[in-house]
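Before any term is attached to a structure, it helps to ask what would justify that term. Please look at the model below, and then follow the questions and answers one by one.

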Amino acid sequence: MGVDVLLGLQWGDEGKGKIVDVLTPLYDVVARFQGGPNAGHTIEFEGKKFVLHTIPSGIFNPKCINIIGNGVIIDPAILQKEIINLESSGVEVTKNLFVSRKAHLILPSHRLIDAASEFSKGLQKIGSTLKGIGPTYTDKTARNGLRVGDVSVPDFFEKYTASKNRHLQTVAQLGFDYTNHMIDGFDFETYEKRWFASLELLKKLNHIDSEYFINDLLQKGKNVLAEGAQGSLLDVDFGSYPFVTSSNTTIAGVCSGLGIAPSKIGKVYGIFKAYCTRVGSGPFPTELLDADGENMRKTGNEFGSTTGRPRRCGWLDLPALNYAIMLNGVTDLIMMKADVLDGFKTINVAVAYQYEGKRIAYLPFDATDGKLVPVYSEITGWNCKVTELKEKDGLPVDLENYIHFIENEVKTPVTIVSTGPDRTQIVYR
Ligand code: GDP
Ligand code: IMO
Ligand code: MG
């Protein structure tokens, strides 16, 4: 028994929430290990749709223990909203949810710094989700953060105020007037009040020393699925820096974000879309700014689950996929949203780049927008609706050919293909 891991291999939004939900019956525990409410993980079943930001996607299975690990950062106000929303739909949350005492808190003033930082960058902005992710991880590594375990200590309010005052100085230094700035539709003072009110619910949740808790479960023979947020190309070390998030979204984040040893890791599921999307700024070599890109966006409903922003769309990028497979040691690939390409007569796949006059198949240090020009292979489309496929039908021959082409290039098997947003729209290979 050990820890299997599910990681996004692109720029996030690959469909991690759906697949974690699908795989949950095989596991006793689902654990988030990094990121925060910048994540938006969508799960659809029985005509219902949920978007989770902080809560692991195993929550819909009443037998599953769900852990928010020490590597995750939590905005209690967002968490409260998520819990209320789920419980009002009849989903039991608090019994099966366990929160690490060591997880750091996103304060309202972290969100102001995020906004101020983006404002000060102008056209160079990251395109952050403005959930306070960068500033909170900055405080963590600068050893200034507040953690879940701190909410019950007597001097919490003093610690909070000291942090807030420090943050407001930073905001002022960045030349940002926050008095008209809205956080999730509220001015700062109102949001701060709501944030404080939400601490009452946070205090009532099951607080754990997650590294002991999870290792005890492993010792008892339980199976754990670690649920990644974001994607490998947004990793703070290996992504298209600085257009990245502020955590390790790749495999190493599992060990530091849950307190488990690398030797405990078993399968590594790598999840990717049959094409690519990206939301926010940064290089995207295969981006399509034409009718094909628009078609993908419309058919795939490519609008952010967290911010509603239109996602940029483009062809599948195999050098980038290969990079993510290498970094994470992926054992099983999962291809999502095959149905979105149903209407394409031909499909392009980037197999290399032209870079400074040479053909290369790796990601160079300087991959700024426009420097990498994709070299495409053209594949025949399958021209039929795969959304209505049943497991026994198998996949259309041309879709199988597309998958074989990918497998051959990346030397890793595709074991699951997703053909629609619903839990049931799935084909195992
Ligand atoms: P995550 O962040 O990786 O969990 O992905 P998101 O939930 O942000 O975005 C994936 C979107 O695609 C969601 O709206 C899902 O409901 C939807 N989705 C997942 N799998 C499929 C699929 O195979 N086909 C289609 N058309 N949509 C899918
Ligand atoms: P899930 O888990 C897609 C992107 C933002 C921005 C950059 C930095 O749903 O796949 P941040 O808020 O972290 O400072 O933003 O990262 N980003 C995501 N893009 N899916 C996500 O999460 C993302 N989380 C952050 O758009 O470009
Ligand atoms: Mg998402």
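Q: How do you know how the residues of the shell around ligand 1 divide into nonpolar, polar and charged?
A: The classes are fixed beforehand: Ala, Val, Leu, Ile, Met, Phe, Trp, Tyr, Cys and Pro count as nonpolar, Asp, Glu, Lys and Arg as charged, and the others, Gly among them, as polar. Sorted in this way, the shell around ligand 1 holds three nonpolar, nine polar and eight charged residues. This is a predicted model, in which local features need pLDDT of at least 70 and side-chain atom pairs count only at pLDDT 80 or more, while totals for chains, interfaces and linings use all residues. Residues are numbered from 1 along each chain as its sequence is written, chains are lettered from A and ligands numbered from 1 in the order in which they are written, and side-chain values use heavy atoms, with hydrogens and water left out.

Q: Which residues come nearest to ligand 1, and what makes a residue count as near?
A: A residue is near a molecule or strand if one of its heavy atoms lies within 4 Å of it. There are 20 residues around ligand 1, and those that come nearest are Lys-16, Thr-42, Ser-305, Asp-339 and Ser-418.

Q: What makes the approach of Arg-311 to ligand 1 a polar contact?
A: A polar contact is a pair of N or O atoms within 3.5 Å; within protein, one must be able to donate a hydrogen and the other to accept it, and residues adjacent in sequence count only if both atoms are side-chain atoms. An N or O atom in the side chain of Arg-311 is 3.2 Å from an oxygen atom of ligand 1, so the pair falls within the limit of 3.5 Å. Backbone atoms take part as well, with Gly-15 at 2.8 Å from an oxygen atom of ligand 1 and Gly-40 also at 2.8 Å from an oxygen atom of this ligand.

Q: Which polar contacts does ligand 2 have, and at what distances?
A: An oxygen atom of ligand 2 is 2.5 Å from an N or O atom in the side chain of Thr-129, while a backbone N or O atom of Asp-13 lies 2.8 Å from an oxygen atom of ligand 2. For Gly-127, the distance from a backbone N or O atom to an oxygen atom of ligand 2 is 3.4 Å.

Q: Why is Lys-273 called buried?
A: Buried means under 20% relative accessible area, exposed over 50%, and partly exposed in between, with a 1.4 Å probe and protein chains only. Lys-273 has a relative accessible area of 1%, and therefore it is called buried. Its side chain reaches the backbone oxygen of Asp-13 at 2.9 Å.

Q: Why is Leu-395 called buried or exposed?
A: The relative accessible area of Leu-395 is 12%, so this residue is called buried. Leaving aside neighbours within four places in sequence, Leu-395 is in contact (heavy atoms within 4.5 Å) with several residues, including Ile-403, Val-417 and Val-427.

Q: How do you know that strands β1 and β10 pair?
A: Helices (H or I, at least four residues) and strands (E, at least two) are DSSP runs, numbered from the N terminus, and two strands pair if DSSP finds at least two bridges between them. Strand β1 (residues 3–8) and β10 are joined in the parallel sense over four bridges, so the requirement of at least two bridges is met. Within this pairing, Asp-4 stands opposite Leu-225 in β10.
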